[in-house]
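Take a look at the chain below. Keep the sequence beside it as you read.

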Amino acid sequence: MKTRFMTRPLWALACATPLTFAPCALAQNQTPAPAAGSSVQVYGTLDAGAVSEHDCRGGSCVSTKISPGVSTGSVIGFTGREALGKDTSAIFTLEAGIRNDTGQSDQNGRLFGSQAYVGLANRWGAVTVGRQYDVGYETLAEVADPFRGGMAGAATNLMGNGNKRSDNTVKYRSASIHGFVASAIYSFGESAFSTSRNRAYGAMIGYQGGPFTLRAAHQRKNNFLQGAGATTPVDLSSRNSLVAANLHVGQATTLYAAYAVNRGVGSSPWDQDNPYGALVLASPSTRSNDALAGVSYASGAATYMVSYIRKDDRTLANQDANQVAVGMTYSMSRRTAFYAAYARIKDHNGAPYTVGNFSEKGQGRSAVNIGLRHAF
């Protein structure tokens with residue numbers, strides 16, 4: 001049995017789907033196929049769009065603005081591989097997020113805040129160490145969400161815990177073996193108070209056979225705000241479990257579905273601009289269940305997406321929320337795509353969820369996106 005491990009940045013995974021333009025990830029694989037000696041590749045994508053937000057919380061907001069990374073993050077990356085012999089290679093990726101509306105670094109000003117890791121890979125999979133995507137977010141964006149975690153219709157507006165990546169992480173991702181895949185992560189909290197504070201861990205198992213893809217993931221984050229002396233730490237921990245699936249019907253249509261169970265103060269979406277562990281109240285819900293249904297339809301160079309998400313808050317506050325989203329992408333060339341999307345969230349009992357996109361949380365209960373993305 002011969003298998004090969006290959007993984008890609010999240011923006012490249014989005015590019016490789018019928019929802020956008022498949023060739024944008026061409027020659028930009030995060031870990032290229034094994035080759036003699038060593039190789040380094042430079043890749044990137046620039047995404048910018050006009051975002052119009054309405055029905056904003058806390059008063060008025062900027063009705064129309066230019067935002068970076070609307071459909072996927074704007075990045076420049078360096079990835080490489082060195083063959084070490086015996087079917088083993090050293091691999092690395094350094095990926096810098098860019099807010100190309102201002103030229104500043106994304107991810108709170110980090111130089112390589114999108115991804116930064118090194119590891120070893122062979123035909124069974126890869127073990128990597130550094131800043132990497134969480135297994136829960138990967139499952140949601142790669143399998144369940146017709147919008148691939150971007151544009152106004154991003155499933156992350158209501159699902160997940162608002163966090164995409166973890167620092168200080170050891171990650172294993174298997175190759176596909178008879179259609180089965182698995183991954184696991186462990187993120188060291190590196191707290192001066194105890195080894196358990198602020199650490200994270202999770203696992204995923206999945207199967208892809210023919211037109212059908214199924215994954216189940218569980219993500220746990222211990223998030224205790226570090227108190228001084230006898231001060232009791234504040235627990236903002238989260239536990240997120242997700243089952244996600246999609247089914248290709250014919251050549252043009254894909255059906256999507258997901259169900260999530262969330263527990264803990266930090267288990268529902270919160271401001272991604274705050275580092276995990278910042279002194280903020282994470283969300284209004286400590287106990288909620290999510291359901292997603294969606295469909296995409298490809299017609300020529302265009303792909304159309306629709307999704308519906310229901311957040312069922314199981315606490316006494318009963319702060320439920322629903323999101324309806326529609327969108328489209330149009331491949332103008334092998335590397336360039338135009339996109340447009342609209343989403344609206346209807347909340348109950350003061351639920352504070354807002355319509356964001358890949359890079360921003362958003363401020364309004366509804367938003368329109370129109371933008372352009374180019375990969376190189």
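What follows is a short walk through some salt bridges and one contact between distant residues.

Keep in mind that this is a predicted model. A search of the whole structure finds 17 salt bridges. Start with Asp55. The side chain of Asp55 meets that of Arg344 in a salt bridge, 3.4 Å from N to O. Asp55 sits in strand S1 (residues 38-56), while Arg344 sits in strand S19 (residues 336-347). The two are 289 residues apart, so to speak of distant parts of the chain is fair.

Asp55 has a second partner. Its side chain also forms a salt bridge with Arg365, at 2.9 Å from N to O. This pair links distant parts of the chain too: Arg365 lies in strand S20, 310 residues from Asp55.

How accessible are these residues? Asp55 has 36% relative accessibility, so it counts as partly exposed. Arg344 is partly exposed as well, at 38%. Arg365 counts as buried, because its value is 17% and the cut-off for buried is under 20%.

Now move to Glu138. Glu138 forms a salt bridge with Arg173, with the closest N and O atoms 3.4 Å apart. Glu138 is in helix H2 (residues 135-144), and Arg173 is in strand S8 (residues 165-174), 35 residues apart. Both residues are buried. They belong to a network of salt bridges that links Glu138, Glu142, Lys171, Arg173 and Arg215.

End with Phe376, in the segment after strand S20 (364-375). Phe376 is partly exposed, with a relative accessible area of 37%. Tyr43 is 333 residues away along the chain, yet the C-alpha atoms of Phe376 and Tyr43 are separated by 5.7 Å.

Key:
Residues are numbered from 1 along each chain as its sequence is written. This is a predicted model: local features need pLDDT of at least 70, side-chain atom pairs count only at pLDDT 80 or more; totals for chains, interfaces and linings use all residues. Side-chain values use heavy atoms; hydrogens and water are left out. Helices (H or I, at least four residues) and strands (E, at least two) are DSSP runs, numbered from the N terminus. Buried means under 20% relative accessible area, exposed over 50%, partly exposed in between (1.4 Å probe, protein chains only). A salt bridge is a side-chain nitrogen of Lys or Arg within 4 Å of a carboxyl oxygen of Asp or Glu.
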